Amino acid sequence: MNRREFLRTAGGATGAAAALGASGTATAQEEGGGNGGGGSAPPDYQGWFSNVGNYDGSTQNMRGQETVTVEVGAQGNGGPNAFAPPAIHVDVGTTVQFEWTGDGLHNVVEDGGGYESGAPVQEAGVNFEHTYDEAGISKYYCDPHESAGMKGAVVVGDDYPAVQQGVSTPVNPEHVGVPFQAHWVGISTIVAILVSIMFTFYTLKYGESPNTKGGNN
């Protein structure tokens with residue numbers, strides 16, 4: 001068995017073992033080991049996939065390959081508005097080829113502006129590729145369809161932010177679909193309740209409303 005066959009066999013066995021795990025466990029992390037925040041813990045995407053309909057909680061293991069492919073414009077999120085697979089794990093130095101399906105106008109933009117494919121296009125084929133030279137998690141989206149949930153992520157190497165058991169991760173409320181204005185509504189409600197309590201206390205203490213004081217003169 002040559003090296004390529006060994007890597008393919010090992011990768012397949014790892015993915016199969018992960019599929020038997022609990023829902024939400026990242027398949028790429030069943031390998032164990034690694035440095036930093038990686039190891040056997042799933043990647044911490046910090047709510048990035050909260051509105052992504054084709055994300056099932058797993059990260060596809062694509063390690064051991066120099067070049068991998070991600071579909072752009074796959075079916076998902078109410079139409080051809082998905083990256084497939086949405087979450088992958090690769091080695092440092094791996095090149096990801098983004099291959100358009102030919103359905104819809106799409107592009108690839110890293111969250112943070114590290115790389116992008118340019119203006120949205122529809123032409124089928126590999127219209128963009130990027131080599132991931134640094135370990136970590138790279139999140140990206142399609143600019144025209146980000147709000148629809150067309151987002152993806154690439155976990156690179158072993159040193160990446162990982163979910164810590166028993167520790168909750170702060171999440172941007174807008175990433176979980178809660179409009180920022182909703183929080184102001186909540187604050188206003190609390191203030192209104194406090195004002196009502198203070199008014200009631202004042203009324204009970206002095207026996208009459210300030211609006212009726214002196215009304216019998």
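S138 stands opposite V154 of strand β9. This pair belongs to the contact between β8 (residues 136-141) and β9, which run antiparallel and share 6 bridges. Strands are counted as paired when DSSP finds at least two bridges between them. Strands (E, at least two residues) and helices (H or I, at least four) are DSSP runs, numbered from the N terminus. The model is predicted: local features require pLDDT of at least 70, side-chain atom pairs count only at pLDDT 80 or more, and totals for chains, interfaces and linings use all residues. Residues are numbered from 1 along each chain as its sequence is written, and side-chain values use heavy atoms, with hydrogens and water left out.

V154 also has a partner in β4, namely I88. Here the sense is parallel, and 4 bridges join β4 to β9. Strand β9 is mostly covered, with 6 of its 6 residues buried. Buried denotes under 20% relative accessible area, exposed over 50%, and partly exposed the range in between (1.4 Å probe, protein chains only). K151, A153 and V155 point one way from β9. G152, V154 and V156 point the other way. Both sets are buried.

These strands belong to an open sheet of 5 strands. The order is β1-β4-β9-β8-β6, and the pairing is mixed. Strands β1 and β6 (109-110) stand at the edges. Each has a single partner strand, so one side of each lacks a neighbour in the sheet. At the β6 edge, β6 and β8 pair in the antiparallel sense over 2 bridges. V109 stands opposite Y141 of β8 in this pairing.

Another open sheet holds 4 strands in the order β3-β2-β5-β7. Its pairing is mixed. The edge positions are taken by β3 (82-84) and β7 (125-132). Each of these pairs with a single strand, so one side of each has no neighbour in the sheet. Neighbouring strands of this sheet are turned by 25 degrees against each other on average, direction ignored. For such angles, axes are lines fitted to C-alpha atoms (for helices, over the stretch in contact), and values run from 0 to 180 degrees between N-to-C directions. Strand β5 (residues 94-100) and β7 run antiparallel and are joined by 7 bridges. W100 stands opposite G125 in β7.

Side chains of opposite charge can pair when their charged atoms come close. A salt bridge was assigned where a side-chain nitrogen of Lys or Arg lies within 4 Å of a carboxyl oxygen of Asp or Glu. The count by this rule is 2. R63 bridges to D91, with the closest N and O atoms 2.7 Å apart. R63 lies in the loop between β1 (60-61) and β2 (67-74), and D91 in the loop between β4 (87-90) and β5, so the pair ties together parts 28 residues apart in sequence. R63 also forms a salt bridge with D158, at 2.7 Å from N to O. D158 lies in the loop between β9 (151-156) and α2 (180-206), so this pair ties together parts that are 95 residues apart in sequence. R63, D91 and D158 are thus linked in a network of salt bridges. R63 is buried, with a relative accessible area of 18%. D91 is partly exposed at 23%. D158 is partly exposed as well, at 30% relative accessibility.

I190 lies in helix α2. Together with I193, L194 and I197, I190 forms a nonpolar patch on the surface, with about 390 Å² of accessible area in total. Patches are made of residues with over 30% relative accessible area and no salt bridge; like charges are joined within 9 Å, and nonpolar side chains (Val, Leu, Ile, Met, Phe, Trp, Tyr) within 5 Å. Accessible areas come from the Shrake-Rupley method with a 1.4 Å probe, and for residues only the protein chains shown count as cover.

Most residues other than glycine have a negative phi, and most peptide bonds are trans. The peptide bond from A84 to P85 is cis, with omega near -5 degrees. P85 is in the loop between β3 and β4. Q46 has a positive phi, near 55 degrees. Q46 lies in the loop between α1 (3-19) and β1 and is partly exposed at 40% relative accessibility. N77 has a positive phi near 60 degrees. N77 is in the loop between β2 and β3 and counts as buried, at 17% relative accessibility.
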